[in-house]
Amino acid sequence: MIALKEWAIICKALEDGKQMLLLRKGGIMEYRKGFEVKHNKFLLYPTFEHQSIESIKAEYKEKIKEILEEHNITYYNNKKKIDKNDNNFNTPSNNIIKLLAKVEDVIEISDKFTLSELRDYHIWSDEYVTMRMNYNPSKPMNVLLLRIYKIRKPLIVDINDKWAGCKSWIDIETDREFQNSHKLKGQNTDYDNYESNSNKVEILKNEKTLIDPVINDDIFYESLNDIRKVIGK
């Protein structure tokens with residue numbers, strides 16, 4: 001399956017239901033074209049590349065320690081150091097994938113004011129968002145509105161050296177049972193007139209599933225409508 005690389009702390013915020021959007025412009029390898037949303041559903045691959053405590057809001061910084069401990073990583077003098085004495089399955093040669101994302105919408109923003117109005121819907125600091133907006137100024141910021149699902153049995157994957165660097169999309173091997181068990185119903189939803197009922201549940205109830213939405217339907221669609229109104233769409 002295809003996976004999108006994202007900061008581990010952002011993956012944690014998505015898992016906790018603290019945000020349901022990603023902001024993307026693309027990295028060095030995507031500078032010319034900018035970030036492209038090539039897939040409507042994908043795994044989220046947590047990474048520590050370029051992750052910075054100074055780039056997230058103060059109230060969420062305490063989560064950093066929790067994530068580092070989960071991945072058996074310790075920071076000394078702001079440098080990453082691997083604890084090689086830990087022999088359990090979550091060693092530095094592995095990574096844990098807990099989340100699957102489904103794209104609800106992709107909205108391009110070129111206006112800094114509109115982007116600043118989204119500050120209540122994510123955990124990045126204002127300074128970081130401004131810095132990312134100023135990077136490659138000819139390209140708009142992509143706002144990915146996502147439905148996030150938690151994988152009941154997290155996937156433990158061996159880290160591949162070719163996944164390193166400033167690239168967004170990577171290919172993760174998963175077994176056929178997982179690939180066939182998380183079928184999501186594709187549908188066009190009238191967000192402004194959404195009312196909760198069993199027919200609009202995203203996961204097919206009559207199918208075996210290994211994932212669960214991190215936010216229930218009512219809260220999700222209410223939040224989605226709020227974000228769309230802020231953006232003016």
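This report describes aromatic pairs and salt bridges in a predicted model.

The aromatic pairs in the model number five. In one of them, Tyr45 and Trp163 meet edge-to-face, with 5.4 Å from centre to centre and 75 degrees between the planes. This pair links distant parts of the chain, since Tyr45 belongs to strand β3 (residues 41–47) and Trp163 to the loop between β7 (141–158) and β8 (169–171), 118 residues apart; Tyr45 and Trp163 are both buried. The pair of Phe220 and Tyr221 is also edge-to-face, because the ring centres lie 5.0 Å apart and the planes stand at 80 degrees. Phe220 and Tyr221 are likewise buried, and the charged end of Arg147 sits over the ring of Phe220, 4.4 Å from its centre. Elsewhere, Trp7, Trp124 and Tyr128 make up one aromatic cluster.

The salt bridges come to 10, and the table lists some of them.

| Salt bridge | N to O distance |
|---|---|
| Asp16 and Lys12 | 3.6 Å |
| Glu15 and Lys150 | 2.9 Å |
| Glu104 and Lys102 | 3.9 Å |

The bridge between Glu15 and Lys150 ties together parts that are 135 residues apart in sequence, because Glu15 lies in helix α1 (residues 8–15) and Lys150 in strand β7. Glu15 is buried, with a relative accessible area of 13%, whereas Lys150, at 35% relative accessibility, counts as partly exposed. In the bridge of Asp16 with Lys12, Asp16 is partly exposed at 31% relative accessibility, while Lys12 is buried at 12%. Glu104 and Lys102 are both buried. Through salt bridges that share partners, Lys12, Asp16 and Lys63 are joined into one network.

Key: Residues are numbered from 1 along each chain as its sequence is written. This is a predicted model: local features need pLDDT of at least 70, side-chain atom pairs count only at pLDDT 80 or more; totals for chains, interfaces and linings use all residues. Side-chain values use heavy atoms; hydrogens and water are left out. Rings of Phe, Tyr and Trp (its six-membered ring) pair if their centres lie within 6.5 Å; planes under 30 degrees apart count as stacked, over 60 as edge-to-face and the rest as tilted. Helices (H or I, at least four residues) and strands (E, at least two) are DSSP runs, numbered from the N terminus. Buried means under 20% relative accessible area, exposed over 50%, partly exposed in between (1.4 Å probe, protein chains only). A charge sits over a ring if NZ of Lys or CZ of Arg is within 6 Å of the ring centre and within 35 degrees of the ring normal. A salt bridge is a side-chain nitrogen of Lys or Arg within 4 Å of a carboxyl oxygen of Asp or Glu.
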